[in-house]
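Work through the exercises below with the structure open beside you. Try each task before you read its solution.

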Amino acid sequence: MRAANRKLFDHLLFLLTNMSKQKEINKWKTFFKNRGLSEEISDKYINYITKLLENRTPIIFEFNHLALLLGRQPFYLASVVNAPNNHYRSFKLKKRSGGFREITTPFPALLEMQYWIFNNILKNVSINPCAHGFAHKKSIITNATLHAGQNELLKLDLKDFFPSININRIIYVFKSLGYPNEIAFYLASICSYEESLPQGAPTSPVLSNIIAKQLDKRLINLAKKYNLKFTRYADDLTFSGKNIPAKFIEYIKVIIEEEGFDLNEAKTRLYKSNRKRIVTGISVLEKEIKIPREYKRNLRQELHFIFKYSFESHIKKKKIRKSNYLESLIGKVNFWLSVEPKNGFALDAKKRLFEIYKNYYPQQ
């Protein structure tokens, strides 16, 4: 009965959606007729509009129309399209593995434009289900869970993932949604920095997933041939299963290169023995995912001194000057509980940290 009701609901939704599309198209036909456009030109516009409506994307006719939709003056939009690098600031973040990662973030006005593109154009574009990074109802937890307790595990990394995606591939995304060359170029330019995907733009994660869709499809099909599981979290690729032959890595490398990406061979790891296995920061050695032992040990030790000698004593002794130190501890405990929701120590620690927080910030 439930299946029948769901089928009926989907059918009604399909009819209503198509009625809405047709109603919108009829409005445009009337508009063009009243403006005195010839039937030939009107038909071209209608074909363009129809494709955009089918893809649930906004109708954009030309440069000034795009500026209006974005809520910006044409001269400002022109400055972004012609010199996007002038609208970003860059800084470096230290990597856990060593070295630094350069983060490039847009200034507020450009950031708003990128969010408009994300919410109105890119959010509804489908991606491969094996993509767990920046995807709806997916996370590092769903990514790791699939590989828990598997006999063998293979981890790989895509080199310079965002910077390797050039503006031509971004333009193609917008063209595939129905936009003409010029509009696709304007939209891609708004989402680019040095003609590639910037690390700090809100449009970059979803664009990377859309562009990697064919890569994901080929890798998941390869995994199925070997009875393996596969997920991708941004630039992290993970395969797991009963047996992963060494030659399998070569097949993966060929696919990655054919799809316009590069494999960071220095980070390739094939685990065949029962030793430490971490996938997107979570231990998958056993059938149930867990927080890594080192993470627990370090956090337990830190909290032990706080609960034994007081928070004030701890920060004075360790000379901790971070203004958000307490919030970061709560965040770490919450992460622990997101992976192990029934862990007694973490549950108690969360309660005690919130009591400390209330004493420090009674107004909140």
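**Exercise 1: A pair in one helix**

R352 is partly exposed, its relative accessible area being 35%. This comes from a predicted model.

Task: Find how the side chains of R352 and D348 meet, and where the two residues sit.

Solution.
- Step 1. Look at the partner. D348 has 38% relative accessibility and counts as partly exposed.
- Step 2. Check the range. Partly exposed lies between under 20% for buried and over 50% for exposed, so the 35% of R352 fits, and so does the 38% of D348.
- Step 3. Join the side chains. R352 and D348 meet in a salt bridge, at 3.6 Å from N to O.
- Step 4. Place the pair. Both belong to helix α15 (residues 344–360). They are 4 residues apart, so about one helical turn separates them.

**Exercise 2: A pair from distant parts**

Task: Decide which parts of the chain are linked by E112 and R72.

Solution.
- Step 1. Find the bond. E112 and R72 form a salt bridge, with 2.8 Å between the closest N and O atoms.
- Step 2. Locate each end. E112 is in helix α5 (residues 108–122), while R72 is in the loop between α3 (63–70) and α4 (74–82). The two are 40 residues apart, and the pair links distant parts of the chain.
- Step 3. Judge the exposure. E112 counts as exposed because its relative accessibility is 52%. R72, at 21%, counts as partly exposed.

**Exercise 3: Other salt bridges**

Task: State how many salt bridges the structure holds, then describe another pair and a network.

Solution.
- Step 1. Take the total. The structure holds 10 salt bridges.
- Step 2. Pick a pair. K290 and E286 meet through their side chains at 3.1 Å, N to O. K290 is partly exposed at 31%, and E286 is partly exposed at 39%.
- Step 3. Find the network. Salt bridges link R218, E258 and E259.

**Exercise 4: Into the core**

Task: Which residues have the most contacts inside the largest nonpolar core?

Solution.
- Step 1. Start with burial. Of the 364 residues in the chain, 41% are buried.
- Step 2. Go to the core. The largest nonpolar core has 70 residues, and I121, F174, Y179 and F239 have the most contacts inside it.
- Step 3. Follow F174. Beyond its neighbours within four places in sequence, F174 contacts residues including I117, I121, L122, Y179 and L207.
- Step 4. Look elsewhere. Another core lies apart from this one, with 26 residues, among them A148, F311, I330 and V333.

Terms used. Residues are numbered from 1 along each chain as its sequence is written. This is a predicted model: local features need pLDDT of at least 70, side-chain atom pairs count only at pLDDT 80 or more; totals for chains, interfaces and linings use all residues. Side-chain values use heavy atoms; hydrogens and water are left out. Buried means under 20% relative accessible area, exposed over 50%, partly exposed in between (1.4 Å probe, protein chains only). A nonpolar core is a set of buried Ala, Val, Leu, Ile, Met, Phe, Trp, Tyr and Cys residues joined through side-chain atoms within 4.5 Å. Contact means heavy atoms within 4.5 Å. A salt bridge is a side-chain nitrogen of Lys or Arg within 4 Å of a carboxyl oxygen of Asp or Glu.
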